[in-house]
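User: I would like to learn how to read a model of this kind, feature by feature. Could we take the general idea each time and then the case at hand?

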Amino acid sequence: MKRAPSGTPTSTDTTATASGGSSTAKASRPGTVLLGQGMTRTYHARTVLHGVDLAVTHGQTVAVLGPSGAGKSTMLRCLAGLEPLQEGTVAFQGELLSKAGTAPRSAGGRIGMVFQQFNLFPHLTAAQNVSLAPRKARGMPTAQAHARARDLLTRVGLAEHFDHYPYELSGGQQQRVAIARALAMDPELMLFDEPTSALDPEFTREVLAVMRDLADSGMTIVVVTHEMDFARRGADRVVFMADGRIVEDGPAEDVLTAPRQERTRRFLDQILSE
Amino acid sequence: MGGFLDKAVSADFLSATLLTLELTLLSMLLGVAGGVLLALAKGGPRPLGWFVDGYVWLFRGTPVLLQLIFVFNVLPLWGLNFSPFTCAVIALSLNEIAYMAEIVRGGLLGVDRGQRTAAHMLGLSEAKILRWVVLPQAARLVLPPTGNQFVGMLKTSALASVVSVQDLMLTAQRQAAADFDYVGSLCAAAVHYLVLTSLLTLGLRWIERRLDVTRRAAARRERQPVTKHTDTAALDPAAR
């Protein structure tokens, strides 16, 4: 809490924000898991994220949509603390995670992340992939970590693949191992960066089903995706981005069926006509 | 030819072979350890990176024979008196570090960046990422070129004969000078070198196989032939 600069919500400054700015008052509402404020990210004088604000509430499933180059993945990486910010802050569970001018802190596994390219550890089996971080980062005994890994792999439908190496698994299976691996650290938030973009259509379904199960179990999720079907049926909130800004943000139903912005409408028309 | 056989199995040649092997193993061990440290330092703060560049430039840019003679003749002037064997180990490993640093650096660069990112998000510290994620993968990439270096070192160690280390090379030369049987002496030494390099190559292949996950998986399947890959559809949570 001491690390938090003014403007970052903490339980103590709720009264201050109630009388002050309206945007921070909304953000400091209890139940906000993740809060990005004024996030600006620049690469070589090119700004890819223009002061974006995003607050994610506990239990929410947020789908981030938008054309390529809109800054969706960059925003997700900033929220994850993987990219330094040029301006703004990211707070996770009320703790400052990232702030302009300093290297982001690690959330210590409490923010789980799933990547487009899976990024499984190729030299470890599925079970070892899942148990590595609990063992090495949290000091969990090996037997316990392996039992846990088996439970999680069973949960994502990979009960018969504990001892298989990533190269022996299909893309969909690899991505499900990656989800189990992130879950092994008991995250309070799961970020998905285009989790099905590298998959054949037949494997997309099984990964999305696992994600939907996760959302149903109450996990807070932010997913950057091109899967309109998942946004429609799996998400309860849709954020539409273009040119490094959030153009539209609202309940999935509203944004997808009755977009208020011309830019969103054009994007949806384009996607749906394909 | 009788001279050749007698020499090949003589105590002189066998102990010389042992010395050559010791020299090679020690220099290579220090070379690999130093190379790993320099490769890691290269990714550290700027001045450290400059030091590594300077080191590689110096030791890769001058003949190892020069370095050997330098160590042997100059260190005593500075009050550092080492045996010829120690001097040879110092010179050969200093030189080897330069090559190994570049090889290990290549190996570290060969590990996909996404591996570090994923491990970081899982809450592993930088040191643990290196130990459990990056180095095991880099080791596999680094092994074949390191094997090359190893075989090369075995032969380069013959230069130690110049500073009077009683290795295989010097033994062969001394024997030849004593009885003028150059063919027998040199062939005996050549056979010993060939035996060493062959054993080394076999050993390296064995390690390479052990690090290869595809072979590990194949070995597991042989142990448990009943386990078959079930159709993914049966496990598909979407189909439940």
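Analyst: Let us begin with one span: residues 182-207 of chain B are 100% helix and 0% strand, with end C-alpha atoms 37 Å apart; helices here are DSSP runs of H or I of at least four residues, strands are runs of E of at least two, and both are numbered from the N terminus. This is a predicted model, in which local features need pLDDT of at least 70 and side-chain atom pairs count only at pLDDT 80 or more, while totals for chains, interfaces and linings use all residues. Residues are numbered from 1 along each chain as its sequence is written, and chains are lettered from A and ligands numbered from 1 in the order in which they are written.

User: Which residues of chain B does UniProt list for "transmembrane region"?

Analyst: The unreviewed UniProt entry lists residues 23-43, 55-75 and 182-207 of chain B, and such annotations may be inferred rather than shown by experiment. In the model, residues 55-75 of chain B are 86% helix and 0% strand, and their end C-alpha atoms lie 19 Å apart.

User: How should I read the crossing of α4(B) and α5(B)?

Analyst: Axes are lines fitted to C-alpha atoms over the stretch in contact, and angles run from 0 to 180 degrees between N-to-C directions. The axes of α4 (residues 64-74) and α5 (residues 84-110) of chain B come within 9 Å and cross at roughly 140 degrees. That is why α4(B) is oblique to α5(B), given that under 35 degrees counts as roughly parallel, over 145 as roughly antiparallel, 65 to 115 as roughly perpendicular and the rest as oblique.

User: Which residues make the contact of α4(B) with α5(B)?

Analyst: Contact requires C-beta atoms, placed from the backbone, within 7 Å; among the residues involved are V64(B) and F72(B) of α4(B) and P84(B) and N95(B) of α5(B).

User: And what should I make of the sign of phi?

Analyst: Most residues other than glycine have a negative phi. Q93(A), however, has a positive phi of about 55 degrees, and its place is in the loop between β4 (87-92) and β5 (95-99) of chain A. D186(A) also has a positive value, near 50 degrees, in the loop between α6 (171-183) and β7 (189-193) of chain A.

User: Is D186(A) buried or exposed?

Analyst: A residue is buried with 20 or more other C-beta atoms within 10 Å of its own, exposed with 12 or fewer, and partly exposed in between. D186(A) has 12 and is therefore exposed, whereas Q93(A), with 15, counts as partly exposed.

Definitions and conventions: Contact = placed C-beta atoms within 7 Å.
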